[in-house]
Amino acid sequence: MHFSFSEEHDMFRDTVREVFAGECSAEAIRASWESDDGRVAGLWATLAEVGVLATMAPTEMGGLGMDEVASVRLLEEAGYAGVPEPLMEHMAVAVPALAAARASQLLDPALSGQSTVTLALASGGPNVVAAASADLVIAEHAGSLLAVDSQAVTVEPRDSIDESRRLFEIRFDPGAAEPLVGADLALAADRAALGTAAQCVGVARRLLDTTVEYVTERRQFGKPVGTYQAVKHRLADVRLGIEFSAPLVYRAAWTVAHCDDALLRGRDVSMAKAMASDAVDRACRAALQCHGAIGYTFEYDLQIWLKRGWSLSGAYGDARQHRDRVAAALGLLR
Amino acid sequence: MDLELSPRYVEFRDEIQTWLHENRPTEPFSSMDSADGFEQHRVWERTLFEGGWSVPAWPKAYGGRDCDLTEWLIYEEEYWLSGVPGRVSANGVSLLAPTIFNFGTKAQQDYFLPRMASGEQIWAQGWSEPEAGSDLAAVKTTAVRDGDDYVVNGQKTWCSRGKYADWIFCIVRTDPTAQRHAGLSYLLVPADAPGMTRRTIRRLDGESGFAEVFFDDCRVSADHVLGEPGQGWAVAMAAAGSERGLSLRSPGRFMAAAERLRLLAAELSETADGLDARLRDEVVDAWIRAEAYRWQTYFVAAELMAGGDLGSEASLMKVFWSEMDLELHATALRLLGDEAEVHSDWLGGYVFSLGGPIYAGTNEIQRNIIAERVLGLPRR
């Protein structure tokens, strides 16, 4: 029993944090909203260069050979930075699925950053992130996974409130797609929920940091609004949500990486997503309220993380849906 | 990261499981706050001690077995899952003992620790006063040096185990000219000291619970000051960290309660009416929170074992477990429906859990600490 990250994990996390701090500022995110593909210029290539995209591929296939314990840490940082790329979909789900199917021709460009792969799983709902700018879609069909070339996909835009999430309904001919034999659908869905939970924790941390900074600066009645207990207690509650959801995310990451029992794996992932969704919802509410009117504007950057929090809280199952899954694992729901 | 228990820990788990199974009392005990129940629980402390299981995390020299934090957490999980009686010695073992280890003289350690471990001396806490609750630094009870003794005058209240305990650990004012946090001392007072009277205060449910303690020219040996005279605040706060954090409420207790709640809900789901979806959601939420507390604790434990410090983060744990415990029991009562108001273990647990957000520093105080010391928000 040793529940902590290795030095290697910490160093990788620090590297990625620096990349995001340098290349994924709020200005860069806003610029991506104005671009055709909705992507941050140059970021994908850097993520490939430092190995992030290859985290979850085995070394013999050109990857770093790391697992979910490493990836959740990076995705937490992605949430913190507000990264608009389909990073979770690509790095935490598609890459290991392509590797499991030994689909080298599709995997190699995904690791080098030449391609972007997104996901269309039933558990993620009908709207596919970044489907128009992706080169490949890993899609669920009849209980298994298919690789669908973007050329063979027709997309219908859905207008998300989160400008960083370009959503599309997609259509394709399953008969013309490549089955990913060897890739496990249930595992992919668990990885997506886990990766989303990790991002939720990161988003919540960012909302809290931003709000603590704001209420320390902002003065009313001659003193910082952060001196008032009503504000303090609300932000303490946000910290509580983060403090007790993050370990469940790390623990679920370990379970996904090491446990073959799909029921236990699903239970642990769902516990993590339920807590993380609740934590980020609470963080969104408190952050907006503690900012007051300035937080309610489009110009102020808080909105980047508010909207990410709203969308990720429900993505790949909201808290209630995941508690139902835990209920089933506990024998309380048939 | 490795979340498997190594063979050493599995062996440890088996050992405590077996011991608890073989030594568990056959009849339920009376309340530890009744005269009979207190002595029953004292006998159980002795049984634990003789089996080597009363203070497993302590050094062997004082009756422990030098457990590391992981072993201690496993011990606690098994202890509470087994359903054996609670610990009448908890105030001493979890609150005072860490302070004696940190601040006590060798003579104090050698005298008090073995007696605490065996249940020979059971301790009550004497911190709160009628005018000093959340504002603990407002204590007025005085202790004036007179030769080899201190002469104590004043009143303590809400002393858990206060009526029958053998000793009381108090915060008293030894320098009447000093203000607030200064001039306080940490004084250990034997319950048979002349000039002390104790009166039971009945709890919310009518059971005898805590006590108020009156000191009227009560003489206590100056050898019983823990730490330096005048440093009582710092000495007490070191214990407050352990009270709020790991040592007072380990995850095992809540995991056991969450599992009982799950079984109650599972039983209801077999009935004709089935289990209401909203209540099911609450049950699952309680179960998840118990797991979250467990894994957060293991995460913190790994940091502590690597030489880290718990500090103000203990306040996060105190708020979380106390509110989780309350919600868990409130959910149980909702499951019981019309039967909820009839006395039962669940009702007793609920009434007990209502105190959680109040004792050991109210959750309002804890949230202030989280905001100011963890988040760094301005005090004024």
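The exercises below, each with a worked solution, concern chains A and B of a predicted model.

**Exercise 1. The overall form of chain A**

Determine how the radius of gyration of chain A relates to the globule rule, and describe the fold content and burial of the chain.

Begin with the secondary structure, which in chain A comes to eleven helices and nine strands. The radius of gyration of chain A is 19 Å, close to the 20 Å that the globule rule gives for 334 residues, and chain A is therefore as compact as a globular protein of that length. Taken along the principal axes, the box filled by the C-alpha atoms of chain A is roughly 65 × 50 × 40 Å. Turning to burial, 55% of the 334 residues of chain A count as buried. Finally, among the contacts in chain A with a separation of 6 or more, 71% are accounted for by residues 24 or more positions apart.

**Exercise 2. A four-stranded sheet in chain A**

Work out which strands stand at the edges of the open sheet of four strands in chain A, and which helix lies across β1, β3 and β4 of chain A.

The strand order of this open sheet is β1-β3-β4-β7 (chain A), and the pairing is mixed. From that order, β1 (117-120) and β7 (178-179) of chain A are the edge strands, each with a single partner strand, so that one side of each is left without a neighbour in the sheet. In general, strands of a sheet pair through backbone hydrogen bonds, in either the parallel or the antiparallel sense. For strand β4 (residues 144-149) of chain A and β7(A) the sense is antiparallel, with two bridges between them, and Ala147(A) stands opposite Glu178(A) in β7(A). The helix asked for is α5 (residues 87-100) of chain A, which lies across β1, β3 (136-141) and β4 of chain A and runs at about 85° to β1(A).

**Exercise 3. Domains 1 and 2 of chain B**

Describe the contact between domain 1 and domain 2 of chain B, and identify the element that gives the most to the side of domain 1.

The domain assignment divides chain B into domain 1 (7-118), domain 2 (123-230) and domain 3 (245-374). Between domain 1 and domain 2 of chain B, the C-alpha centres lie 25 Å apart. Their contact takes 16 residues from domain 1 of chain B and twelve residues from domain 2 of chain B. On the side of domain 1 of chain B that touches domain 2 of chain B, two or more residues each come from α2 (35-50), α4 (90-103) and α5 (106-118) of chain B, and α4(B) gives the most, with seven residues. By class, the residues of this side of domain 1 are eight nonpolar, seven polar and one charged.

**Exercise 4. The surroundings of Ile122(B)**

Decide whether Ile122(B) is buried or exposed, and list the residues that Ile122(B) touches.

Ile122(B) is found in the loop between α5 and β1 (123-126) of chain B. Since 25 other C-beta atoms lie within 10 Å, Ile122(B) is buried, the cut-off for this class being 20 or more. Leaving aside residues up to four places away in sequence, Ile122(B) touches Arg42(B), Val88(B), Ser89(B), Gly92(B), Arg161(B), Ala165(B) and Asp166(B). One of these, Val88(B), is 34 residues apart from Ile122(B) in sequence and 7.3 Å apart in space, C-alpha to C-alpha.

Technical notes
Residues are numbered from 1 along each chain as its sequence is written. Chains are lettered from A and ligands numbered from 1 in the order in which they are written. This is a predicted model: local features need pLDDT of at least 70, side-chain atom pairs count only at pLDDT 80 or more; totals for chains, interfaces and linings use all residues. Domain bounds come from an automatic or database domain assignment. Two residues are in contact if their C-beta atoms, placed from the backbone, lie within 7 Å. Ala, Val, Leu, Ile, Met, Phe, Trp, Tyr, Cys and Pro count as nonpolar, Asp, Glu, Lys and Arg as charged, and the others, Gly among them, as polar. Two strands pair if DSSP finds at least two bridges between them. Axes are lines fitted to C-alpha atoms, for helices over the stretch in contact, and angles run from 0 to 180 degrees between N-to-C directions. The radius of gyration is taken over C-alpha atoms; the globule rule is 2.2 Å times the number of residues to the power 0.38. A residue is buried if 20 or more other C-beta atoms lie within 10 Å of its own, exposed if 12 or fewer, and partly exposed in between; C-beta atoms are placed from the backbone.
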